[in-house]
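Work through the exercises below with the model open. Each task is followed by a solution in steps.

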Amino acid sequence: MMDKITTETVDTLNDLIRIVEDSHEGYRQAAETSEEEDLRTLFNDLAAQRGAIVRELQRLVAEQGGAPDIGGTVMGGAHRFFVGLRTAVLGRDRGVVLAEVERGEEECVRRYEQALEKELSDGVGAVITEHLVRIRTDCGRMAAMRDAPA
């Protein structure tokens, strides 16, 4: 039987697994559909990073004695659907694609910030902070690419 902090930690980590898996899948799909080599490279790199984060979160859940989630969220699936629809309607405009991906990452950042407000098992907060720094850095990379002249 897990204590209250361990249960909260497992629930929080599983929430992060779901949102990061959404990000991972979104980047993977964006890389597959991107026509621009630099975007394809960026999205493949970010998909690989998000996959590594998911695996680390799953490991942490297992270390806490919990069962790690393996899928994304319904909202993430819906966001990918609308990104695909918008891309089909508006074309693969670089700025639109980067803005949509960045919008999805903002939700990821929000969930990580919420996680850090909770009382979590020892060491977990430090890992979550490392992930959040990485995700914020990646959001900055996308914003810079979006705002750069074509």
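**Exercise 1. Place valine 20 in the predicted model: which element holds valine 20, and is valine 20 buried or exposed?**

Step 1. Find the element. Valine 20 belongs to helix α1.

Step 2. Check the accessibility. The relative accessible area of valine 20 is 0%. Buried means under 20%, so valine 20 is buried.

Step 3. List the contacts, skipping neighbours within four places in sequence. Valine 20 touches Arg50, Ile53, Val54, Leu57, Cys108 and Tyr112.

Step 4. Look further along the chain. Isoleucine 135 is 115 residues away from valine 20 in sequence, yet their C-alpha atoms are separated by 9.7 Å.

**Exercise 2. Describe the setting of threonine 9: which residues is threonine 9 in contact with, leaving aside its neighbours within four places in sequence?**

Step 1. Locate the residue. Threonine 9 sits in helix α1, which covers residues 4-33.

Step 2. Judge its exposure. Threonine 9 has a relative accessible area of 0%, so it is buried.

Step 3. Inspect the side chain. One of its polar atoms lies 2.8 Å from the backbone oxygen of isoleucine 5. The cut-off for a polar contact is 3.5 Å.

Step 4. Answer the question. The contacts of threonine 9 are Gln64, Glu119, Leu120, Ser121 and Val124, with neighbours within four places left aside.

**Exercise 3. Decide the state of the cysteines: how many disulfides does the count come to?**

Step 1. Set the rule. A disulfide needs two cysteine sulfur atoms within 2.5 Å.

Step 2. Apply the rule. The count comes to zero disulfides. Cysteine 108 is in none, and its nearest cysteine sulfur, in cysteine 139, is 7.8 Å away.

Step 3. Take the view from cysteine 139. Its closest cysteine sulfur is that of cysteine 108, at 7.8 Å, and this is too far for a bond.

Step 4. Add the accessibility. Cysteine 108 is at 1% relative accessibility, so it counts as buried. Cysteine 139 is at 11%, so it also counts as buried.

**Exercise 4. Test the span of helix α2: how many Å does helix α2 reach from its first C-alpha to its last?**

Step 1. Count the residues. Helix α2 runs over residues 37-63 and has 27 residues.

Step 2. Compare spans. Helix α2 reaches 39 Å, close to the 39 Å expected at 1.5 Å a residue.

Step 3. Look just past the end. Glycine 65 has a positive phi of about 90 degrees.

**Exercise 5. Classify glutamine 114: buried, partly exposed or exposed?**

Step 1. Place the residue. Glutamine 114 is in helix α4, residues 94-116.

Step 2. Read its accessibility. Glutamine 114 is at 34%, so it counts as partly exposed.

Step 3. Check a distant partner. Threonine 12 is 102 residues from glutamine 114 along the chain, and the C-alpha atoms of the two are separated by 9.1 Å.

**Exercise 6. Summarise the chain: how many helices and strands does the protein chain have, and which element has the lowest mean pLDDT?**

Step 1. Count elements. The protein chain has five helices and zero strands.

Step 2. Weigh the contacts. Of those with a separation of 6 or more, 77% join residues 24 or more positions apart.

Step 3. Assess burial and surface. Of the 150 residues, 42% count as buried. The chain exposes about 8,000 Å², with 56% supplied by carbon and sulfur atoms.

Step 4. Check confidence. The chain averages a pLDDT of 83, and 84% of residues score at least 70. Helix α3, residues 74-90, has the lowest mean among the elements, 51, while α2 has the highest, 93. Where pLDDT is low, predicted coordinates should not be read in detail.

Key: Residues numbered from 1 in each chain as written. Predicted model: local features only at pLDDT ≥ 70, side-chain atom pairs only at ≥ 80, totals over all residues. Heavy atoms only, no water. Helix = DSSP H or I, 4+ residues; strand = E, 2+ residues; numbered from the N terminus. Buried < 20%, exposed > 50% of the residue type's maximum accessible area, 1.4 Å probe, protein only. Polar contact = N/O pair within 3.5 Å; in protein donor to acceptor, adjacent residues only side chain to side chain. Contact = heavy atoms within 4.5 Å. Expected span 1.5 Å × (residues − 1). pLDDT = per-residue confidence, 0-100. Areas by Shrake-Rupley, 256 points an atom, 1.4 Å probe, with all protein chains shown as cover.
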